[in-house]
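Colleague: I am new to this model and would like a close look at a single part of it. Could you choose one strand and describe how it is placed among its surroundings?

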Amino acid sequence: MHRILWTLSIFGMIGFIVLQAGNRTTVANVDQELATMASVLKDEHILINEWSLYARNEMKDVKEQADQEKLAAELQAKFPNWSWEETAEGQQQSLTATSVSSGYTEKITITSSGESGHLRTYVLYEVRGHSWDRRSESFLNEEWQNRLFDIFRGNYTTFSCIKGEISDMIGSSLPNYMNGLLEAFNAEEVEALEEETFISTSAYSPLFSGKLSKDHGMNLQLGLRKPDGMGGKTTVVVGTPIITIEY
């Protein structure tokens, strides 16, 4: 139940950010931010098992059905070898392209809702990888910016997130371990949510650029979840400006 609520809160936050966080658009160094998070987690001896980069833009000049079809054709021409799939439900229609490579998966989604002449159209680009290795770093250094240039027109909102696990907290409580992570990121807590097996902290760190919005002085979110019962591994998730990976 907590996981469902947490996931819903994530998507609610994303919707809010798209409307409010103009100062997070076209962040060219989101790749460096992901690399920074990976470096800190590795220094803390946390095993990384998932990472993601996410970019999104509302195509305000795409209002007509013909405009949406033209946009789709342009992207299909740029990525002809990707697997394309179209879905529709009511007034919402989506076209999704997927490319699976060794070590990571890329996905482009064009989603439109409403009637022709009044469409709201978004383009989303997401990359998800597993272990953090040379292939991950190579993608960041050689492919990420090229993809953004090919996919988007003008500004876009970006997110980066990374997930890992620790098998032994050496008797440390979740709050104490969270304090250690905040120190590792040189971060100051803004607000926190704490339960028996779960803790989430929003913070500000000078290691990352900008803030979520003028009204939300944070640029980093950290989450810890330990398994119910004895044994198991504690999950660690870090995102800037927010977490976008379910855990």
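Modeller: A suitable starting point is Ser160, whose bridge partner in strand E10 (residues 234–240) is Thr240. The model is a predicted one, in which local features need pLDDT of at least 70 and side-chain atom pairs count only at pLDDT 80 or more, while totals for chains, interfaces and linings use all residues. Residues are numbered from 1 along each chain as its sequence is written, and side-chain values use heavy atoms, with hydrogens and water left out.

The strand to examine is E6, residues 157–166. Strands are DSSP runs of E with at least two residues, helices are runs of H or I with at least four, and both are numbered from the N terminus. E6 pairs with E10 in the antiparallel sense over seven bridges; two strands count as paired if DSSP finds at least two bridges between them. Strand E1 (residues 47–58) also pairs with E6, again antiparallel, over nine bridges. In that pairing, Ala55 has Thr158 of E6 as its bridge partner.

Why is E6 largely enclosed by the rest of the structure? Nine of its ten residues are buried, so the remainder of the structure surrounds most of the strand. Here, buried means under 20% relative accessible area, exposed means over 50%, and partly exposed lies in between, with a 1.4 Å probe and protein chains only.

The wider setting is an open, antiparallel sheet of ten strands in the order E2-E3-E4-E5-E1-E6-E10-E9-E8-E7. Its edge strands are E2 (83–89) and E7, each pairing on one side only. On average, neighbouring strands of the sheet are turned by 15° against each other, direction ignored. Axes are lines fitted to C-alpha atoms, for helices over the stretch in contact, and angles run from 0 to 180 degrees between N-to-C directions.

Beyond E1, strand E5 (residues 120–129) is joined to E1 by eight bridges, and the two run antiparallel. Within this pairing, Leu124 of E5 is the bridge partner of Arg56.

Helices also meet the sheet. Helix H6 (residues 174–184) lies across E6, E7, E8, strand E9 (220–225) and E10, and runs at about 150° to E9; contact means heavy atoms within 4.5 Å. Helix H4 (residues 134–142) lies across E1, strand E4 (104–113) and E5, at about 20° to E1.
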